[in-house]
Amino acid sequence: MSMTELAEAPTPAGDENKPRKAVEGRSPWQLAWARLRKDKVAIICAVFIVLLALVSIFAGPLSALIGFGPTDQDQTNGVSTDGLPVGPSGLHPLGTDNLGRDILVRILYGARVSLVVGISAAVAAVIIGVIIGLCAGYFGPTVDTILARIMDVVLAFPFLLFAIALVTVAGPSETIEIVVIAFFSWASVGRIVRGQTLAIREREYIEAARSLGASDLRIMFVDVLPNLIAPVIVYTTLLIPTSIVFEATLSFLGVGIIPPTPSWGNMINDSQAFYQVAWWYLVFPSLALILTTLAFNLLGDSVRDALDPRSERLFAARKK
Amino acid sequence: MIVAESEVLLRADNVVKYFPITQGIIFKHEVGRVHAVDGVSLEIRKGETLGLVGESGCGKSTLARCLTRLYPLTSGTITFDGQDISTLNRKQLRPLRREVQMIFQDPYGSLNPRRRVGSIIGDPFAIHGVADGPERKRKVQELMELVGLNPEHYNRFPADFSGGQRQRIGVARALALRPKLIVCDEPVSALDVSIQAQIINLLQDLQSEFGLTYVFIAHDLSVVEHVSDRVAVMYLGKVTELASAEALYRNAQHPYTNALLSAASVADPDQARERQRIVLVGDVPSPVNPPSGCRFHPRCPKATQRCVTEQPELTARSIDGEPLDEAHLTACHYPVKPGEDLALATPEIAQTAREAEAAGVLAQDVLAEERP
């Protein structure tokens with residue numbers, strides 16, 4: 001995949017050396033955008049994600065079109081005479097569950113939960129991680145030692161146990177879920193940012209800024225941060241699917257979204273008792289989860305290739 | 001030579017900068033010190049160009065960063081325009097940052113690759129709140145024109161420029177606040193020769209236009225001779241010789257300066273063939289554990305026991321009771337007379353490398369032991 005991508009994408013060096021008629025230099029972002037646009041996989045994934053977002057935003061009108069709400073139990077056509085789920089049909093395109101609820105409608109509403117929790121948890125984790133990583137990398141060894149140890153402690157936590165314990169104490173809700181996921185995700189962002197900051201702060205342009213009298217805050221956010229944006233964006237796009245899976249895991253274990261509110265995790269959990277007689281009950285929510293995760297991951301890979309074609313395998317070890 | 005205090009822009013008095021070498025991750029303890037700058041005293045006069053030469057690792061760049069107070073000093077004082085700046089903290093240094101600027105060696109490393117040129121050159125205005133919006137843009141474009149860049153390239157990135165153009169960007173940035181002193185840390189070392197001349201001419205034009213004072217660091221002796229009014233030679237963190245460029249290049253008094261000058265290339269091949277080269281033995285000793293007395297004694301062809309025990313001061317010297325040029329300062333007990341042939345001199349003391357060779361030990365082993 002990456003070979004063809006590379007062959008299609010113009011190398012940045014060649015692009016930058018070319019004499020340009022336009023007076024305005026193309027920014028690294030514009031160059032990356034041009035490369036990303038030529039990447040078919042990235043476009044397909046982006047289209048899928050945009051569609052998913054639209055569908056989850058308009059889940060209400062769409063479910064009205066189908067004719068059932070997310071918690072409506074269709075007692076007449078949604079359950080067989082034995083009280084079992086009914087397979088895909090014109091009335092219920094993806095079938096129903098054991099209570100006669102429409103699976104398609106519930107998947108649409110579940111997408112809302114997945115995207116909201118996944119994206120907000122990832123963004124929160126990245127913001128915390130960037131700020132703490134910047135401080136650790138920029139402010140010398142003492143601050144670094146303290147913050148790096150804190151990151152180690154967070155990474156060493158048995159996160160699932162902790163998540164279950166916290167949710168049990170605080171009571172399950174979307175907010176708690178976001179907090180828990182963000183809390184366990186920021187440390188890995190922090191480490192990456194810290195490492196990059198350590199390298200960048202030794203560069204001559206940082207010294208130049210210092211010799212001009214720039215404050216620490218200005219150097220951190222005007223000079224260091226723009227050089228970190230590329231890995232941070234890549235990491236964010238890879239952190240979103242991780243958070244979505246994390247959310248599904250919590251819901252699956254019953255400590256995330258409380259039924260009857262649909263989420264992909266609790267749908268998969270509910271379907272366990274019926275998968276031998278109703279395959280659609282298990283397959284479609286799982287498929288939604290897999291496709292979403294796959295789309296975000298592939299998009300993340302493409303964004304990374306577009307932003308920095310040289311560091312192609314920067315996150316290879318992380319990918320599972 | 002005594003210069004009126006009003007003529008002096010910056011005075012360094014016994015400036016010392018050591019870098020600690022530490023071991024351990026959480027509980028650090030100091031195991032040694034790099035004596036990067038070790039007791040340097042010099043003055044920079046208004047409107048002059050002071051050249052600073054020496055081998056790699058002799059402390060030139062560290063001294064430059066001490067003079068601009070980018071590094072805190074280990075000890076010593078620096079007076080800029082009558083004000084003691086040696087102990088000011090970062091906030092107190094802000095007004096000084098407008099007066100003293102730096103031009104850096106690496107034109108690729110000294111410009112942030114993610115920012116547009118206009119924003120880089122406008123940085124000094126933004127940091128010191130001098131100009132905003134369209135006024136800043138106008139000022140930046142004036143600066144770009146001044147240093148020979150096309151002002152229309154305001155929105156380009158550093159990657160769109162060649163090395164020489166990038167160095168012009170660095171010059172424009174340094175010039176933005178009309179500083180009194182510009183410290184140029186090897187500003188032309190990373191450029192090819194034809195571009196070097198352009199940048200040097202630019203710097204000289206700007207100096208006469210704005211009455212700038214330069215500290216010009218380089219390891220290329222001919223460049224320093226060309227641009228400098230006075231030249232200071234450094235060896236292992238100390239200034240060994242300080243004189244007007246003309247006097248230094250004509251009559252170098254310190255044996256190290258002589259060796260350095262004899263190693264410089266000469267354009268005329270006939271002259272180059274006839275020239276006598278002074279080849280020094282051994283390597284530059286480690287600045288972690290510098291030699292006693294005169295730091296040059298392990299490699300000096302004129303070394304005596306006195307050089308091992310007694311550290312020579314940087315003062316005007318006399319030979320056989322006859323005083324030499326009083327503006328020519330040399331840190332050597334036995335300054336070289338004009339016309340003296342150093343290649344014929346033999347040291348009176350056993351020097352590490354030679355001693356080891358005589359004892360049948362490989363000189364390399366001794367050198368390896370000396371290094372940390």
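Which elements of chain A and chain B do the buried residues of α10(A) pack against? The views below take this up. The model is predicted: local features need pLDDT of at least 70, side-chain atom pairs count only at pLDDT 80 or more, and totals for chains, interfaces and linings use all residues. Residues are numbered from 1 along each chain as its sequence is written, and chains are lettered from A in the order in which they are written.

**View 1. Helix α10 of chain A is mostly covered.** This helix spans residues 204–211, and 6 of its 8 residues are buried (20 or more other C-beta atoms within 10 Å of a residue's own, with C-beta atoms placed from the backbone). Among them are A:Tyr205, A:Ile206 and A:Arg210. Helices are DSSP runs of H or I, at least four residues, and strands are runs of E, at least two, numbered from the N terminus.

**View 2. The buried residues of α10(A) pack against elements of both chains.** In chain A, the partners are α9 (174–200) and α11 (216–252). In chain B, they are α2 (94–99), β6 (100–103) and α3 (117–127). Just after α10(A), A:Gly213 takes a positive phi of about 95°.

**View 3. Chain A meets chain B through 22 residues of chain A and 26 residues of chain B.** Two residues are in contact if their C-beta atoms, placed from the backbone, lie within 7 Å. On the side of chain A that touches chain B, α10(A) gives the most, with 7 residues.

**View 4. Chain B has 13 helices and 14 strands.** Buried residues make up 41% of its 372 residues.

Terms used. Buried ≥ 20, exposed ≤ 12 C-beta atoms within 10 Å, placed from the backbone.
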